[in-house]
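Welcome! Here is a short, friendly tour for anyone meeting this structure for the first time. Keep the view open beside you as you read.

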Amino acid sequence: MGSQLDADVAVVGAGPAGCAMAAACARRGLDTVLVAPDPSRVWSNTYGCWLDELRPLGLASTVRASWPTVRVVGDRDHTLARPYGVLDNASLHRQMSDQLVRGGGRTMAGVAVGAQHFSWGSRVLLESGHHVDVHLAVDAGGAGGTLLAKVGPPAAFQAAYGMVGRFSSPPVPPGSCTLMDWSPAGIEAGDDDRHPTFLYAMDLGSGCFLAEETSLARWSALGRAELRRRLHARLARIGAQPEAGAVEENVLIPVGARVPPEQPAAATGAAAGLVHPATGYSVAAGLRVAPVVAAVIRAHLDRPAGPALLSEAAWRAVWPPDRRRARHLEQFGLMRLLAMPASDMRAFFDAFFSLPVERWSPYLSGTASASDVARTMAALFRVAPWSVRRRLALPG
């Protein structure tokens, strides 16, 4: 059967993580097929990331807009000296697609519904009744995955409602980016607000802004109608009404789900549990692991050792043992955030962003070791006010 395979690798899902994985595999000379209902579709969501995460990957040219500093508002105003940007989705998609084709890879329009695993590799099953036989299947199908054994529900949800377009006056100072503004959305909100939200907003250039009301994490997602109400109340308060033609953006991200165990199908992106529990970000992580996993696949196929060892190696490239340990600590941090009212949430982020940038940046990027995560948590505890310390120290 091995000599009759359709490809070396099948990547299921054509989001940023899936496209990056397929492109990286093709660059390594692997016969790669990218399977998705519409592989040519460019993503519509706004994806933000720290620029220092993109530069080592050679992707700095795929940034739509960037800022040398970002602003965070809690009870105090913070200017963070870490460059931030939003991706040009069309440019990133085009670059990944070109690399896939130049490497000899191809796309297949279809809906994957599952996979079977054999001594020779894996068979990806399609809704059409067709299948794709490969050495390794990689699930990039988003939260919960398409090919993976289920690991249970997420711990919480991040939700956001935003508008992209022109406003009667800028929602943030021209040329700037506000990562978080925890000031109350409306005058009726108070310190006992059990579901605090923040403004995420930026100048995208040419008179266009993004303004988004975001619920960082909640056991059950804060509804679109409430987020919309809060955003419009905030915009009215600051005199920045959206003009005709502004486009709505809705975001719902499961966070805090258990990292999947190693299994016959590999995974990347949200399917692999790469969504950061504290931020909801996963795109940069998916871009970062793609070349690492592709190199591991190439090395194992050059010295065949069977599909079990291949999938195990791919999983460990995505989740080295120390990063799995670090994720347990990051999820602990999420649990503490879920219980904080508005006043403590503002104080928490005041304390967090008072730490040196080299202390908090690996934590937010999802690159910190377990010991570094523990040191960041300890440093935060030392500088946090007693109201926040009390919540961080709660048992359970």
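**A first look**

We start with one pair of strands: β13 (residues 177-181) and β14 (residues 198-205) run antiparallel to each other and share 3 bridges. Please keep in mind that this is a predicted model. From that pair we move out to the sheets, then to the aromatic rings, and finally to the nonpolar cores.

**The seven-stranded sheet**

- Within the β13 and β14 pairing, Thr178 stands opposite Ala201 in β14.
- These two strands belong to an open sheet of 7 strands, in the order β6-β5-β13-β14-β15-β12-β16, with mixed pairing.
- At the edges are β6 (77-80) and β16 (247-255), each of which pairs on one side only.
- From one strand to the next, the twist of this sheet averages 15°.
- Helix α4 (residues 224-238) packs on the sheet and touches β12 (156-165), β13, β14, β15 (208-218) and β16.
- The direction of helix α4 makes about 45° with that of β12.
- As general background, strands of a sheet pair through backbone hydrogen bonds, either parallel or antiparallel.

**The three-stranded sheet**

- There is also an open sheet of 3 strands, ordered β3-β7-β4, and its pairing is antiparallel.
- Its edge strands are β3 (48-50) and β4 (63-67), each pairing on one side only.
- The twist here averages 30° from one strand to the next.
- Strand β3 and strand β7 (residues 84-87) pair over 3 bridges, and Cys49 stands opposite Gly85 in β7.

**Aromatic rings**

- How many aromatic pairs does a search of the whole structure find? The count is 13.
- One of the pairs joins Trp182 and Phe198: the ring centres are 4.8 Å apart and the planes meet at 50°, so the pair is tilted.
- This pair links distant parts of the chain, since Trp182 lies in the loop between β13 and β14 while Phe198 is in strand β14, 16 residues apart.
- Are these two partners buried or exposed? Trp182 is buried, with a relative accessible area of 3%, and Phe198 is buried too, at 5%.
- Phe348 and Phe349 make an edge-to-face pair, 5.0 Å from centre to centre with 85° between the planes.
- Phe348 counts as buried at 9% relative accessibility, and Phe349 counts as buried at 6%.
- All four of these residues appear in one aromatic cluster, whose members are Trp50, Trp67, Tyr84, Trp182, Phe198, Phe348, Phe349, Phe352, Phe353, Trp360 and Tyr363.

**A charge over two rings**

- The charged end of Arg389 sits over the ring of Phe381, 5.4 Å from its centre.
- The charged end of Arg389 also sits over the ring of Trp386, at 4.5 Å from the ring centre.

**Nonpolar cores**

- In soluble globular proteins, nonpolar side chains tend to be buried together.
- Which residues touch the most other members of the largest nonpolar core? Out of its 63 residues, they are Val11, Leu54, Val124 and Ile297.
- Helix α5 (residues 283-302) supplies the largest share of this core, with 9 residues.
- Leaving aside residues up to four places away in sequence, Ile297 touches Val9, Cys25, Leu30, Leu136 and Leu310.
- A second, separate core has 43 residues, including Leu179, Phe198, Ala347 and Val388.
- Phe198 therefore brings several of our topics together: a place in strand β14, a tilted pair with Trp182, and membership of the second core.

Methods. Residues are numbered from 1 along each chain as its sequence is written. This is a predicted model: local features need pLDDT of at least 70, side-chain atom pairs count only at pLDDT 80 or more; totals for chains, interfaces and linings use all residues. Side-chain values use heavy atoms; hydrogens and water are left out. Two strands pair if DSSP finds at least two bridges between them. Helices (H or I, at least four residues) and strands (E, at least two) are DSSP runs, numbered from the N terminus. Axes are lines fitted to C-alpha atoms, for helices over the stretch in contact, and angles run from 0 to 180 degrees between N-to-C directions. Contact means heavy atoms within 4.5 Å. Rings of Phe, Tyr and Trp (its six-membered ring) pair if their centres lie within 6.5 Å; planes under 30 degrees apart count as stacked, over 60 as edge-to-face and the rest as tilted. Buried means under 20% relative accessible area, exposed over 50%, partly exposed in between (1.4 Å probe, protein chains only). A charge sits over a ring if NZ of Lys or CZ of Arg is within 6 Å of the ring centre and within 35 degrees of the ring normal. A nonpolar core is a set of buried Ala, Val, Leu, Ile, Met, Phe, Trp, Tyr and Cys residues joined through side-chain atoms within 4.5 Å.
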